[in-house]
Amino acid sequence: MAARRPSATSARPSSPGRGPAGRPPAGRGSRPPRRGRSRRLWTWLVALLGTGVLLGIAGFVTAYALVSIPSPNELAQAQVSTAYYSDGTTPIGRFSERNRVPVTLDQVPEPVRNAVLAAEDRSFYENRGVSPTGIARAAWNNLRGESTQGGSTITQQYVKNYFLNAEQSYTRKFKEFFIALKIDEQQTKDATLAAYLNTVYFGRQAYGIQTAAQAYFGKDVAQLSASEGALLAGVLAAPSAYDPRKDPEAAQRRWEYVMDGMVDEGWLTPAERAVATMPETVELRQENDWEGTEGYLLRTVERELEKKVGLTSEQIKRGGLKVVTTFDAKAQEAAKEAVRSNLPEGAPAGLHVGVVSIDPRSGGVRAMYGGADFLTNQFNSVTMAEVQAGSTFKPFTLVAALEKGISLKSTFDGNSPLKLKSWGKDTVENFGDADLGRIDLMTATAKSSNTVYAQLNDKVTPAATREAAIRAGLEPGTKDLLDVPSNVLGSASVAPVELAQAYATFAAQGVRHDWHVVASVAGPDGEQIYTASPGEARVFEEPVMADTTHALQQVVQRGSGSHASRLKRPVAGKTGTSTKNMSAWFAGYTPQLATVVVMYQTETADPTSPRTSLNLGRREVTGGSYPVRMWTSFMQTALEGQPVEAFPKPKFVGKAQGVRSSSTSTRTRSPRPSTTSSSTSSEPPSESPSEAPSESPSESPSESSSESPSDGTAPESPAPTGGATPSTQPTGASPGRSATPAPQAGGAGEATPAGDGR
């Protein structure tokens, strides 16, 4: 009988470590229960989370410690600096990079503050300076590719404006977050709100709520209502979009949002909300403080603040300074009106007029007309122009003569033409080649005799004339101010403001005060940081000045400046016209004010283009025409209400001399009837716009300033003192006859003479 095979089960050897049926034993190597695995997983997750929290806290603490509060950025602290007229209250204009005028929080009405909170940060007084939910919302939008958003509280906005910048980056937001936390810890909420209101941008070039109140409503912030405050608060989100003058509907919606928010927060009652209406704003102004003549004043002030006061451009534009100038508002308006009312219509574009007036007792510039509009042309015809002085230069030779003991009663040959050894081959001629006979220096000054003054310059020396001009107020480096015989006729090209300073020295009886335009400067806290103390020096003796002034009074009383006698107060001055009528001047003064008017013309409106003869479509323009009329018109208004003051009486210093010229005229003349020496002026008569000269004014003129000027035939003058009564020949020249150019002194390189006796 065959043997039975073993079953597969019984014959299969057992696997190591396994129990019956191949299952692993319940001992070592078996899997843990599912519940155990879950518990271990959660343990690991909690551990990881705890580690992350600890690392996050450590990172937060580290970042908080590392991010410090920086210094405020310069523009955040910038405050507008304002220049005022001499009264200290009437503004001329502003120097600013940002239009900001800070205020304290108590100057901002509570409803206006609440409106800002309703618009920008309703939890401001409860939050810690940051809004996590706002930041998360902004981050989510940014990650989704939408526009970069801020999610900022008022504190964060303040940090951005005051310490950082407007850069849209995560680095800046990171810094902003931690700085805001620190700021919230270190200062009160009220302090933060005040700083925010003074730095945030409201549109219309207004930084801070005070300038915003002015820009939108034309009033100070303290006068704002809740409704007006809501409008200002509404524009903060997007000033260019919510300005009611640009988009009324968008502005209305935003205003309603703010007003409703104030009701929601309990800051405005429903009844108050129901009756509130959208406020009216003032028109959006695009005006510029530097427009018109004021721009020339501001630029002159700015340069003086830099050069004399020592301020930087940044300090001027950002320092919140109060600059009180020497300019007088009434006088400045008078200068503008004098130019406007005395120039004919249709004047050429290349015509340039400068008017400058100086207080001789202080050197302060009271008025300055440097051009019609600074924004169109930045060239100042008062401070930047160099214009040949013409016969306005003769008083410097007169001063030099008086200092050398040559009396006003000294007589000279006033005939024309005249050859002088110092002039080489050239001859000297009076205007119109007028023969004036033998005349004293008073008459020679009244008639602006070139021949007499050329002889006088020979006697005192051209160097003495130049030196007197510099002592009076001209800069030593003045163009063409040379020691040549022709310098007496005004060949030097001077700045009008310097000539005004020189004549102000005459008016101050020999005391020169440095001209200036800044009287004082105060900081934003009101502290005085600068008070002008201009240099002054006695440069001429009083008797010399008394005689100089007496001679220059003759120009007004019986010479080419007679129109100025309509001022009805003592006036001394001198007309001047350069060769070929390239420039025309009147420089004159009273004891209270020295004023210079100049006219010159260029080929185009560009003041740096080549010069050309003055041409206003009528007869020739001389110092005795438009300039003296403008001068008189200006002075009538500028001196209105001031007492009439007299000049010192003449002293007649020195000795009267009968000076003989080194040579005389060799030109043959036709016989002419003899007349008195005062009947013909070597300056041309001034023509009115109608080309009909009026009669000479009387000693107490009654004509109004609107009438035609009177510089025609002068009244009879007394015979010169110190010599025989002279006789002269009439010129035979009709009014307006062109002058023969004054000769150039012999020798290469010498200045071309500019004066022609007018």
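## An exposed glutamate in a loop

In this predicted model, Glu283 touches Arg204 and Arg245, when residues up to four places away in sequence are not counted. Glu283 belongs to the loop that lies between helix H13 (270-275) and helix H14 (294-309). Because exposed means over 50% relative accessible area, Glu283 counts as exposed at 58% relative accessibility. The chain also brings Glu283 and Tyr216 together in space, for although they are 67 residues apart along the chain, their C-alpha atoms are separated by 7.8 Å.

## An enclosed helix, H10

Helix H10 (residues 226-235) has 10 of its 10 residues buried, so it is largely enclosed by the rest of the structure. Its buried residues include Glu228 as well as Ala226, Leu231, Leu232 and Val235. The partners against which the buried residues of H10 pack are four helices, namely H4 (110-120), H9 (209-217), H11 (239-242) and H12 (248-264).

## The nonpolar cores and helix H21

The largest nonpolar core has 90 residues, and those with the most contacts inside it are Phe327, Phe396, Phe506 and Tyr589. Helix H21 (residues 496-507) gives this core its largest share, which is eight residues. Phe396 touches Leu499, Ala502 and Phe506, and its other contacts, again not counting residues up to four places away in sequence, include Thr465, Ala468, Ala469, Ala472 and Leu474. Apart from this core lies another, of 42 residues, among them Val103, Phe124, Tyr158 and Ala195.

H21 itself is mostly covered, with 12 of its 12 residues buried; among them are Glu498, Gln501 and Thr505, alongside residues such as Val497 and Tyr503. From its first C-alpha to its last, this helix of 12 residues reaches 16 Å, close to the 16 Å expected at 1.5 Å a residue. Just after H21, Gln509 takes a positive phi of about 55°.

## Two helices that pack together

Two packed helices are described by the angle between their axes and the distance between the axes. Helix H16 (residues 329-342) and helix H23 (residues 626-638) pack at an angle of about 145°, and their axes are 8 Å apart. The crossing in which H16 passes H23 is right-handed.

On the side of H16, the contact is made by residues including Lys330, Ala331, Ala334, Ala335, Ala338 and Val339, while H23 contributes, among others, Tyr626, Arg629, Met630, Ser633 and Phe634. Sorted by class, this contact between H16 and H23 has nine nonpolar, four polar and two charged residues.

Key:
Residues are numbered from 1 along each chain as its sequence is written. This is a predicted model: local features need pLDDT of at least 70, side-chain atom pairs count only at pLDDT 80 or more; totals for chains, interfaces and linings use all residues. Side-chain values use heavy atoms; hydrogens and water are left out. Axes are lines fitted to C-alpha atoms, for helices over the stretch in contact, and angles run from 0 to 180 degrees between N-to-C directions. Helices (H or I, at least four residues) and strands (E, at least two) are DSSP runs, numbered from the N terminus. A crossing is left-handed if the near helix is turned anticlockwise from the far one by less than a right angle, and right-handed if clockwise. Contact means heavy atoms within 4.5 Å. Ala, Val, Leu, Ile, Met, Phe, Trp, Tyr, Cys and Pro count as nonpolar, Asp, Glu, Lys and Arg as charged, and the others, Gly among them, as polar. A nonpolar core is a set of buried Ala, Val, Leu, Ile, Met, Phe, Trp, Tyr and Cys residues joined through side-chain atoms within 4.5 Å. Buried means under 20% relative accessible area, exposed over 50%, partly exposed in between (1.4 Å probe, protein chains only). The expected span of a helix is 1.5 Å times one less than its number of residues.
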